[in-house]
Amino acid sequence: MIKKENKRYQESYVEETLDNGLHVVLWQKPDYAKSLFMMATPLGALDMKQKDEDGKEYDFPAGIAHFLEHKMFEMEDGDVMDLFSNMGANVNAFTSYTETVYYFSTTADVIQPLHLLLDFVQDLSITKESVEKEKGIIIQELNMYKQMSDQRLLMETFSSLYKHHPLRYDIGGDAESVTSITLEQLKQCYDINYHPGKMILVGVSAQDPEVLLKEIKKNQQAKTFPAGKKVIRMMQEEPYEPARKDFEFQMDVSMPKLSIAYKMRGVEDIYERIKKEWAIRMVLDATFSSLNPDFQKWLDEGIINDFVGSDVDLGKDYGMMMFYSETNKKEAFLAIVKDIVQKIKQEGISESLLEQLKKRYYGQSLRSLNSFDDIAITMVRNYFDQSDFFASMDVLYDITLQDVKDACQMIDVDNFCVIDLLPENK
C-alpha cells in the first residue's frame, strides 16, 4: 500500500494494485459521516471498435456500454437496489463516453455494501429473455431524451460535427443499434472490459484504509478470474470538416434555439489537454458571459436570453467549442459569436482577467476536495488517463497568458456548423 501526500492541498490517499490487477484508491476523510465507493471500467460510449493485444478486433453496436450498465443490476440473489437499500446505502450508476461507473453512498457501516458492490459488478447474470425485455426499456428512455429540446440540440450538434467519430451517437445509442444488441455481444463486451485488471475501485470514507483494504483483498482472493488481455479503443479517421455545415429541425418549443459549434483537433498529452481546455474555458468566460460589458446589451436587445452559454471539450482524438442560445435574432447571434471567435484568436484576454479567472476556478477546485463525488470521479478519470490527481489540479494554477494564446490558436474560425431548432410549423 503506497501513501501519496500533497502539502499544497493538505490531502492524502493510499493506493494499491491487487494481485488480480484491480487498482484500489482509498481517501480518508476522518471528520465526515458519509462514505462513497465507486467502481469503474474505461468502457464508454466511444468503445464501439476495440482491439486486444493479440490483434483481435471487436465491433459493438452503439449504446452497448450503456446497455451493460442496465443489465449489471440483475442478480440471482435479488434486485441490487433493494439489497443496497436494506443495508442503508444508496446505489447508482452512469455511462459516459469514456467510462462506466457504479457507486454507492452511505452513512451506515460500509463493509456489507462494499462487498456487494464488488460482487455485483464482477458477475454478469443475464439471459436472452432479459436482454430482449431490456431493449424496449432502453428505447423508451432514448425516446424520452429525444423529446427534451436541450438534449436534442446537443445531440444534433454532435451529429453535425462528426462524420465517423462515435460522439455522433447518443451514449445510449439509437433504436436500431439497441435492437441489434445480442446476448453474445454483451457477454463478450463484459469479458474484455470488466476484468479486474482494467478497473479501479475508489473509496472516500472516514474508515481506516487498512481495514477497508483488508476487506477488499478478502473479497477478491475468494474469486478467480481468467487471464485478462489489454484492450485499446479503435477510431476511424475523422475528417477535419464538420459532417453537416447547416442543419435545421423542428420540435414543440415556443422559441427557436440555436447552436454554433467549432470542430477542433484533439490533444494527445493529458496535461497539455487539461491546460488547453482550461485556457479556452477561461477565454469563453471572459468574452461570452456577464464579464463582457456587451453581454447585458445583447440581453437588452433580445439577441440572447437566460438560456445562453458556451462550452469546450477536448479529448485525445476530438475537440469542439460551442455557443448556444434561445433567440429570434439568428443573424445577430451568429455575428456576435463569429466576432468573439475572431477576437479570441487575435487578442486572447488580459493578464489581470486571466488571474481573476484562475483564482475563481482554483477556488472551485479546492472546494471540490470536500465533495466525495468529485474526488472519486476525478480519481477514476485520472487513473484511466494515466495522470496524477494533484498534478492535474496544478495545471490550472500554473497557466500563463502565453498558454492561453497558444490554446486559442487551435481554433479554426472557418471550421464550424450551425444547428437550428425551430418551433413546429415554422
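Begin by selecting G44, A45, D47, M48, P61, A62, G63, I64 and A65, which line the largest cavity. Please keep in mind during the tour that the model is predicted.

**First stop: the cavity**

How many cavities of 30 Å³ or more does a search of the whole structure find? The search finds one. The volume of the largest cavity is about 40 Å³. Colour its lining residues by class: six are nonpolar, two are polar and one is charged.

**Second stop: the sheet**

Next, select residues 49-52, which form strand β5. Add the strands β6 (57-59) and β12 (231-233) to the selection. Together these strands make an open sheet of three strands in the order β6-β5-β12, and the pairing is antiparallel. Which strands lie at the edges of the sheet? They are β6 and β12, each of which pairs on one side only. From one strand to the next, the twist averages 25°.

Now look at the pairing in detail. Strands β5 and β12 run antiparallel and are joined by three bridges. To see one pair of partners, select Q50 and R233: R233, in β12, is the bridge partner of Q50.

Keep the sheet on display and select residues 183-193, which form helix α7. Helix α7 packs on the sheet and touches β5, β6 and β12. The direction of this helix makes about 135° with that of β6.

**Third stop: a pocket**

Move on to the second largest pocket, whose volume is about 370 Å³. Which residues lie nearest its centre? Select K146, M155, D170, G173 and D174 to find them; they belong to a lining of 16 residues. Then show α4 (128-146) and α5 (149-161), the elements that give two or more residues to this lining. By class, the lining of this pocket comprises six nonpolar, four polar and six charged residues.

**Last stop: helix α3**

Finally, select residues 111-121, which form helix α3. Is this helix mostly covered or mostly uncovered? Helix α3 is mostly covered, as eight of its eleven residues are buried. To display the buried residues, select P113, L114, H115, L116, L117, L118, F120 and V121. As you look along the helix, a general point is useful: an α-helix has 3.6 residues a turn, so residues three or four places apart point the same way. With the buried residues of α3 highlighted, including L114 and L118, the tour is complete.

Technical notes: Residues are numbered from 1 along each chain as its sequence is written. This is a predicted model: local features need pLDDT of at least 70, side-chain atom pairs count only at pLDDT 80 or more; totals for chains, interfaces and linings use all residues. Side-chain values use heavy atoms; hydrogens and water are left out. Two strands pair if DSSP finds at least two bridges between them. Helices (H or I, at least four residues) and strands (E, at least two) are DSSP runs, numbered from the N terminus. Axes are lines fitted to C-alpha atoms, for helices over the stretch in contact, and angles run from 0 to 180 degrees between N-to-C directions. Contact means heavy atoms within 4.5 Å. On a 1 Å grid over the protein atoms alone, a cavity is a set of points where a 1.4 Å probe fits but cannot get out, and a pocket is an open set with protein on both sides within 12 Å along at least five of seven lines; lining residues have an atom within 4 Å of a point. Grid points are joined across faces, edges and corners, and a volume is the space filled by probe spheres set on the points. Ala, Val, Leu, Ile, Met, Phe, Trp, Tyr, Cys and Pro count as nonpolar, Asp, Glu, Lys and Arg as charged, and the others, Gly among them, as polar. Buried means under 20% relative accessible area, exposed over 50%, partly exposed in between (1.4 Å probe, protein chains only).
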